[in-house]
Each structure stands twice: as C-alpha cells, then as structure tokens.
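Work through these exercises with the model open beside you. Try each task before you read its solution.

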Amino acid sequence: MIYLFEVGDPYTGAHSRRVAMIAKFLGGKLQLRGKTLDRLVKSALLHDIGKVAIPCSILDKKGTLSVSEMEVVKRHPVEGAKILSKFPHFSHLVPGVLLHHERMDGSGYPYGLKDGEIPVEARIIAVADVFEALISERPYRSALTPGEAITLMKSLPLDREIVEILERHLDAVLELLNRLVDQRL
C-alpha cells in the first residue's frame, strides 16, 4: 500500500516512512510494546494515505492555500479512515490515521477532540508528523533546524510529554533519520 502511495507522491511516501520511524522511537520511550507498538508504526506509515483523495493541484501548490483548499486538505484523515476501513486487516489502524491532526486544546480536526479524548497513538503520530514536516523543505517554506522545530512545537497544542521526550532524545532521533536516508541511497 505504501509503494502505491509513493508511486503517485514520492515526497509523502518518504515523509510517512520518517514519521513512522520517529513514532516508533517515541512509542518505545512511552513503553508501548508488542501489538500496540506495531499498530502505532503501521498507523504512522499510513497516516497520510487519505491524501490520495486530494487533488494534486492542491497538494503540489506552491504558496499559501486558500481557505477552501485548506478545507479540502483537512479531509485527508477522514478519507484515509474510509480507505483503511475497506480492508478488515487494516481497520485497527483507523484511529491513528483519523485522529493524527487532533490537538490537545481541541483546535485540531476532524472532530476537535482534546486531551485524553485523543488516543496516545494519534498524539505520538501528531508530534512525529509535525516535527518531520518542520525539518523538511516544503514548496511553501524552507526547512527549520531541529532546534527551531522543537522550539516552535513547544508553543503548539501538542502533547507536551511527547514533545519533551522528542527534545530529550533529539540526537538519537536525528541519527535514526540519517540512517534511513543512508539506507535509501
């Protein structure tokens, strides 16, 4: 499934692999084990699968998205959940995919959940996703340094404990990401 996703959008496929690697590391630090950790990693790998339902003209747009374009992009978690729900062996991944844009203060989407209403897997994916996005070049902005990304993330409504774990183990996370790049070359 990831391969099919990468064929249409190599950037998002690589992003998803990096998010999954960061999420696995963070999940391990939070003592997730066995099937729970496996579910986290698979959910992180597929967290953006719903973007296949978003027009390329929006996903690849250089510059700021309009309000209506952003509303279309915000549908990707729901679209991803719909896709995974069609496959019984992927249905257990739906919560992480559906809820990875929820935020601790209720400002996220698609439901505006907050705090403990958001499953830990979705909170971990949110932190990994935001960090990876911030340290990567995007069509609409330059990459931040990892330190700049952490500073910004501390001001965002993400799970503070998970952001602190990321900050505490930043060198180890960056080493994992560098090894992933080396494996791909």
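**Exercise 1. Classify Asp48 and its salt-bridge partner: buried or exposed?**

Step 1. Take Asp48. Its relative accessibility is 1%, so it counts as buried. Buried means under 20% relative accessible area, exposed over 50%, and partly exposed in between, with a 1.4 Å probe and protein chains only.

Step 2. Find the partner. Asp48 pairs with Lys51 in a salt bridge, with 3.5 Å between the closest N and O atoms. A salt bridge needs a side-chain nitrogen of Lys or Arg within 4 Å of a carboxyl oxygen of Asp or Glu.

Step 3. Classify Lys51. At 17% relative accessible area, Lys51 is buried.

Before going on, note the basis. This is a predicted model: local features need pLDDT of at least 70, side-chain atom pairs count only at pLDDT 80 or more, and totals for chains, interfaces and linings use all residues. Residues are numbered from 1 along each chain as its sequence is written, and side-chain values use heavy atoms, leaving out hydrogens and water.

**Exercise 2. Which salt bridge links distant parts of the chain?**

Step 1. Count them. The structure has nine salt bridges.

Step 2. Look at Glu71 and Lys74. Their closest N and O atoms are 3.8 Å apart. Glu71 is partly exposed because its relative accessibility is 44%. Lys74, at 28%, is partly exposed.

Step 3. Look at Arg123 and Asp159. Their side chains form a salt bridge at 2.7 Å, N to O. Arg123 sits in helix α8, and Asp159 in the loop between α9 and α10, 36 residues apart. This pair is the answer: it links distant parts of the chain. Helices are DSSP runs (H or I, at least four residues), numbered from the N terminus.

Step 4. Check Asp159. It is buried, at 8% relative accessibility.

**Exercise 3. Describe the lining of the largest cavity.**

Step 1. Define the space. On a 1 Å grid over the protein atoms alone, a cavity is a set of points where a 1.4 Å probe fits but cannot get out; a pocket is an open set with protein on both sides within 12 Å along at least five of seven lines. Lining residues have an atom within 4 Å of a point.

Step 2. Size it. There is one cavity of 30 Å³ or more. The largest holds about 40 Å³.

Step 3. Read its lining. Arg123 and Asp159 are among the lining residues, including also Leu99, Met104 and Pro157. By class, seven are nonpolar, none polar and four charged.

**Exercise 4. Which element gives the most to the lining of the largest pocket?**

Step 1. The largest pocket holds about 960 Å³. Of its 31 lining residues, Lys51, Met70, Ala133, Arg138 and Tyr140 are the closest to its centre.

Step 2. Compare elements. Two or more residues come from each of α2, α4 (56–59), α5 (67–73) and α8. The answer is α8, with four.

Step 3. Sort by class. The lining has 14 nonpolar, eight polar and nine charged residues.

**Exercise 5. Which element gives the largest share of the largest nonpolar core?**

Step 1. A nonpolar core joins buried Ala, Val, Leu, Ile, Met, Phe, Trp, Tyr and Cys residues through side-chain atoms within 4.5 Å.

Step 2. The largest core has 31 residues; Ile22, Leu26, Val127, Phe131, Met153 and Leu166 touch the most other members. The answer is α8, which supplies eight residues.

Step 3. Inspect Ile22. Beyond four places in sequence, its contacts (heavy atoms within 4.5 Å) include Phe131, Leu166 and Leu177.

Conventions: Grid points are joined across faces, edges and corners, and a volume is the space filled by probe spheres set on the points. Ala, Val, Leu, Ile, Met, Phe, Trp, Tyr, Cys and Pro count as nonpolar, Asp, Glu, Lys and Arg as charged, and the others, Gly among them, as polar.
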